[in-house]
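Work through these exercises with the structure open beside you. Try each task before you read its solution.

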Number of protein chains: 2
Amino acid sequence: MPMFQRLPRHIGIIPDGNRRWAQNHGMNKEDGYSYGIEPGFELYKACVELGVEELTFYGFTVDNTKRPSVQTRAFQKACVDAVMNLSKHDANLLIVGNTNSPLFPRELLPYTKRVMIGKGLMNVNFLVNYGWDWDLSQSRSNNERKRSFSKRIASADISRIDLIIRWGGRQRLSGFLPIQSIYADLYVIDNLWPDFRIEHLYEALHWYQLQDVTLGG
Amino acid sequence: MPMFQRLPRHIGIIPDGNRRWAQNHGMNKEDGYSYGIEPGFELYKACVELGVEELTFYGFTVDNTKRPSVQTRAFQKACVDAVMNLSKHDANLLIVGNTNSPLFPRELLPYTKRVMIGKGLMNVNFLVNYGWDWDLSQSRSNNERKRSFSKRIASADISRIDLIIRWGGRQRLSGFLPIQSIYADLYVIDNLWPDFRIEHLYEALHWYQLQDVTLGG
């Protein structure tokens, strides 16, 4: 494992390209999601070893659920399987998303407040049935208006992100935690998510070391 | 001028690198900003010719004003000069920023509601003394809660952005209109902003044509 002088404290992961990958392999679009679970677990293990403090995965969004229902069921299942897999390891797990909807998988309700599993080791967050407008529209009662905006959103328990790594070649955030991503550096991997290799992570971390953190100052 | 099959309706411009450019040229950091005015005007003219409907420039932020005051005065002056220059041409001008602060240049107050100048031709927006948290914290009265979040922010008169072009090599948004940028494609030019060439714009537009617009669907 390579060494890094300056490591991001919190990494966001946009695991895009599952449907394109499935089509490239002669499968139906919805068959791609299950191939994205093992890559996520490998990434988690590497980040624990490196000493990354927090990791957030973009699961699925409210917008995504407008897709054909066979696809919706497939990415719901992939999210549940990924979380269940991780819930056997060491992580402080948190799921953030709109639970007031039948599209939020019931199995994940126990994790909508952070749960320490095993030794904890790293905060791991999943966005599940998440929507940026849902996130930012929460908790706007008058007595809360004195607190800073970032403390009043639904995802307030997810900290500021230093580095976002997006697979699948697209140079955009697509609604991924707009507030926490304000100062994040975006690194894009052209490979599709099911083609994840651990070298992609190292490549992104090498690049991140060269970036200058200013936070607008 | 090249032809484009699919043009972004609204382009966001992050003109970064003025201070680094000044230092590379043996000047003081604050001397770089005045070299960024002419590039902005060239960009405006090219976008009018191409038929782009809306253009938004990242002027300066509330965070930026924490810099040494000689720098703050320099970028305030550059913003005022850029707007005054444009106010002699055809544009629907709008300035968005926190006017309840001595750091907002008084000369720009007439443009805090959109002003049609000449034939209009294109909406041109400048963010001046802008802050993402200021933007998102506005207008949260209870009777407004029924409207969608993007209609309740201070920058609600600026539309969704399709393409953001950032000069100066950094792959981040740095608080640039978080809501309008949700689905924007980010194209980064390594050259510093005062080294702007019109080919940079064409390069970004060529790249944009190859991007797939999904809006999360």
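## Exercise 1: a covered strand

Strand S7 (residues 185–189) of chain A is mostly covered, with five of its five residues buried. Keep in mind that this is a predicted model.

**Task.** Find which residues lie on each side of S7(A), and find which strand is joined to S7(A) by five bridges.

**Solution.**
Step 1. Begin with the general rule. In a regular strand, side chains alternate between the two faces of the sheet.
Step 2. Sort the residues. Asp185(A), Tyr187(A) and Ile189(A) lie on one side of S7(A). Leu186(A) and Val188(A) lie on the other.
Step 3. Check burial, with under 20% relative accessible area as the cut-off. All of these residues are buried, and both faces of S7(A) are covered.
Step 4. Look for the partner. Strand S6 (residues 163–167) of chain A is joined to S7(A) by five bridges, and the two run parallel.
Step 5. Pick out one pair. Arg166(A) has Val188(A) in S7(A) as its bridge partner.

## Exercise 2: the sheet of chain A

**Task.** Write down the strand order of the open sheet in chain A. Then explain why one side of S4 and of S7 is left without a neighbour in the sheet.

**Solution.**
Step 1. Read across the sheet. Its seven strands have the order S4-S3-S5-S2-S1-S6-S7, and the pairing is mixed.
Step 2. Turn to the edges. S4 and S7 of chain A each have a single partner strand, so one side of each has no neighbour in the sheet.
Step 3. Add the twist. From one strand to the next, it averages 20°.
Step 4. Take strand S1 (residues 10–15) of chain A. Five bridges join S1(A) to S6(A), in parallel. Ile11(A) stands opposite Leu163(A) in S6(A).
Step 5. Add the helices. H3(A) packs on the sheet and touches strand S2 (54–61), S3 and S5 of chain A. The direction of H3(A) makes about 160° with that of S5(A). Helix H5 (residues 198–209) of chain A lies across S1, S6 and S7 of chain A, at about 145° to S7(A).

## Exercise 3: strand S3 and the loop after it

**Task.** Is strand S3 (residues 91–96) of chain A enclosed or open? Is Leu109(A) buried or partly exposed?

**Solution.**
Step 1. Count the buried residues. Six of the six in S3(A) are buried, so the strand is largely enclosed by the rest of the structure.
Step 2. Sort by direction. Ala91(A), Leu93(A) and Ile95(A) point one way, while Asn92(A), Leu94(A) and Val96(A) point the other way.
Step 3. Find the antiparallel partner. S3(A) pairs with strand S4 (residues 115–117) of chain A over three bridges, in the antiparallel sense. Leu93(A) stands opposite Val115(A).
Step 4. Find the parallel partner. Five bridges join S3(A) to strand S5 (residues 123–130) of chain A. Here Ile95(A) stands opposite Phe126(A).
Step 5. Move into the loop. Leu109(A) lies between S3 and S4 of chain A. Its relative accessible area is 34%, so Leu109(A) is partly exposed.
Step 6. List its contacts. Beyond neighbours within four places in sequence, Leu109(A) is in contact with Thr99(A) and Phe104(A). Leu109(A) and Thr99(A) are ten residues apart in sequence, and their C-alpha atoms are 7.7 Å apart.

## Exercise 4: two helices that cross

**Task.** Describe how H2(A) and H3(A) cross, and which residues meet.

**Solution.**
Step 1. Choose the descriptors. Two packed helices are described by the angle and the distance between their axes.
Step 2. Apply them. The axes of helix H2 (residues 37–50) and helix H3 (residues 69–86) of chain A come within 10 Å and cross at roughly 35°. The crossing is right-handed.
Step 3. Name the residues. From H2(A) come Ile37(A), Phe41(A) and Tyr44(A). They meet Ala78(A), Asp81(A), Ala82(A), Asn85(A) and Leu86(A) of H3(A).
Step 4. Sort by class. The contact has six nonpolar, one polar and one charged residues.
Step 5. Turn to chain B. The axes of H2(B) and H3(B) come within 10 Å and cross at roughly 35°. That crossing is right-handed.

## Exercise 5: confidence

**Task.** What pLDDT does chain A average? What ipTM and pTM does the model score?

**Solution.**
Step 1. Chain A averages a pLDDT of 94, and 95% of the residues score at least 70.
Step 2. The model scores ipTM 0.94 and pTM 0.95.

Definitions and conventions:
Residues numbered from 1 in each chain as written. Chains lettered and ligands numbered in written order. Predicted model: local features only at pLDDT ≥ 70, side-chain atom pairs only at ≥ 80, totals over all residues. Heavy atoms only, no water. Axes fitted to C-alpha atoms, helices over the stretch in contact; angles between N-to-C directions. Helix = DSSP H or I, 4+ residues; strand = E, 2+ residues; numbered from the N terminus. Left-handed = near helix turned anticlockwise from the far one by under 90°. Contact = heavy atoms within 4.5 Å. Nonpolar A, V, L, I, M, F, W, Y, C, P; charged D, E, K, R; others polar. pLDDT = per-residue confidence, 0-100. Buried < 20%, exposed > 50% of the residue type's maximum accessible area, 1.4 Å probe, protein only. Pairing = 2+ DSSP bridges.
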